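Here's a protein to explore together. Have a look at the sequence and the fold below, then we'll walk through the overall picture before zooming in on a few residues.

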Amino acid sequence: NGIMGKIGERIYRGGSEAYISTFLSLPQEIREKASLWEAEGKTTLFFETGGRLLGMIGTADAIRKDSARAVAELKKMGMKTVLLTGDNEKTAKAVGNHIGADRVIAEVLPGDKEKVIEELQKQGKTAMVGDGINDAPVLTRADIGIAMGAMGSDAAIEAADVVLMDDKPSKIAVAIRIARKTLRIVRENIVFALAVKFLVLILSALGVANMWWAVFADVGVSVIAILNAMRALRTGEPAEKQ
């Protein structure tokens with residue numbers, strides 16, 4: 001919510017509107033200015049000492065360039081996206097609208113993020129993406145934890161199941177696409193191999209299949225399965241190529 005420090009004998013405080021409002025009453029024009037900043041996606045920080053307002057600062061996190069594309073790709077895959085943040089609701093909604101998130105959950109303290117994840121898990125599998133030290137417990141709680149490797153904290157990276165080394169959220173969709181295609185190919189190879197072997201086994205019992213059939217059921221099926229598996233190499237990033 002905020003921070004407090006002491007310089008000499010004087011105590012200074014800085015933080016959110018809710019935090020500072022416990023020490024002084026903010027003027028209406030200040031609240032209106034803060035509301036305008038928040039509508040632009042900025043977080044407003046207030047500073048006071050001895051019950052006197054010193055000033056206010058509007059800060060904004062830089063939205064990663066491909067965040068909107070990442071959200072769009074995940075939506076195409078049938079997934080729901082949720083922006084989970086400790087920022088105030090107006091700022092969070094402005095960012096959420098910019099990237100196209102399905103839902104925005106704002107003003108969540110680090111300790112409460114786990115509760116939110118638990119509620120979301122009742123609706124299905126969850127994947128949490130984060131890079132801060134406060135995200136580490138939530139990355140562990142989610143079914144899949146994804147951390148940003150380049151700028152992420154060591155705690156987040158250690159707690160995550162997947163690490164994006166170039167900090168591009170769009171790579172999440174690429175990883176899912178590769179995983180889905182790989183599983184599909186694995187299932188195809190298993191079904192094909194078992195079907196051919198059972199067929200040759202039955203034909204052998206009936207006296208129809210000879211040694212060459214057995215060779216095909218062994219070596220031939222292996223070669224075909226390998227060739228089929230090579231299709232995974234063609235899983236790329238169509239959005240970037242366009």
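## Surface and charge

In this predicted model, the protein exposes about 15,200 Å². Carbon and sulfur atoms supply 60% of that area.

What about charges? The protein carries 32 positive side chains and 30 negative ones. If you take the centre of each set, the two centres lie 6 Å apart.

## Overall build

Count up the secondary structure and you get 10 helices plus nine strands. The radius of gyration is 27 Å, while the globule rule gives 18 Å for 242 residues, so the protein is more spread out than a compact globule. You can get a feel for that from the C-alpha trace, which spans about 100 × 35 × 30 Å along its principal axes.

How much of the protein is tucked away? Buried residues make up 33% of the 242 residues. As for who touches whom, take the contacts with a separation of 6 or more: 40% of them are between residues 24 or more positions apart.

## T49 and I11: two strands meet

Let's zoom in on T49, which sits in strand β3 (residues 43-49). Is T49 buried or exposed? Its relative accessible area is 2%, and since buried means under 20%, T49 counts as buried. Leaving out residues up to four places away in sequence, T49 touches R10, I11, Y12 and L54.

One of those partners deserves a closer look. I11 belongs to strand β2 (residues 10-15), and its backbone oxygen lies 2.8 Å from a polar atom of the T49 side chain. Unlike a buried residue, I11 is partly exposed, at 32% relative accessibility. Again skipping residues up to four places away in sequence, I11 touches M4, G5, K6, E48, T49 and G50. Take G50 from that list: I11 and G50 are 39 residues apart in sequence, but their C-alpha atoms are 7.1 Å apart in space.

## E107: a loop residue with a positive phi

Now hop over to E107. Where is E107 placed? You'll find E107 in the loop between β6 (103-105) and α5 (113-121). E107 counts as exposed, because its relative accessibility is 53% and the cut-off for exposed is over 50%.

The backbone of E107 is worth a glance too. Its phi is near 55°, which is a positive value in a residue other than glycine.

Methods:
Residues are numbered from 1 along each chain as its sequence is written. This is a predicted model: local features need pLDDT of at least 70, side-chain atom pairs count only at pLDDT 80 or more; totals for chains, interfaces and linings use all residues. Side-chain values use heavy atoms; hydrogens and water are left out. Helices (H or I, at least four residues) and strands (E, at least two) are DSSP runs, numbered from the N terminus. The radius of gyration is taken over C-alpha atoms; the globule rule is 2.2 Å times the number of residues to the power 0.38. Buried means under 20% relative accessible area, exposed over 50%, partly exposed in between (1.4 Å probe, protein chains only). Contact means heavy atoms within 4.5 Å. Accessible areas come from the Shrake-Rupley method with a 1.4 Å probe; for residues, only the protein chains shown count as cover. Lys and Arg count as positive and Asp and Glu as negative; His and the chain ends are not counted. The place of a charge is taken as NZ of Lys, CZ of Arg, CG of Asp or CD of Glu. A polar contact is a pair of N or O atoms within 3.5 Å; within protein, one must be able to donate a hydrogen and the other to accept it, and residues adjacent in sequence count only if both atoms are side-chain atoms.
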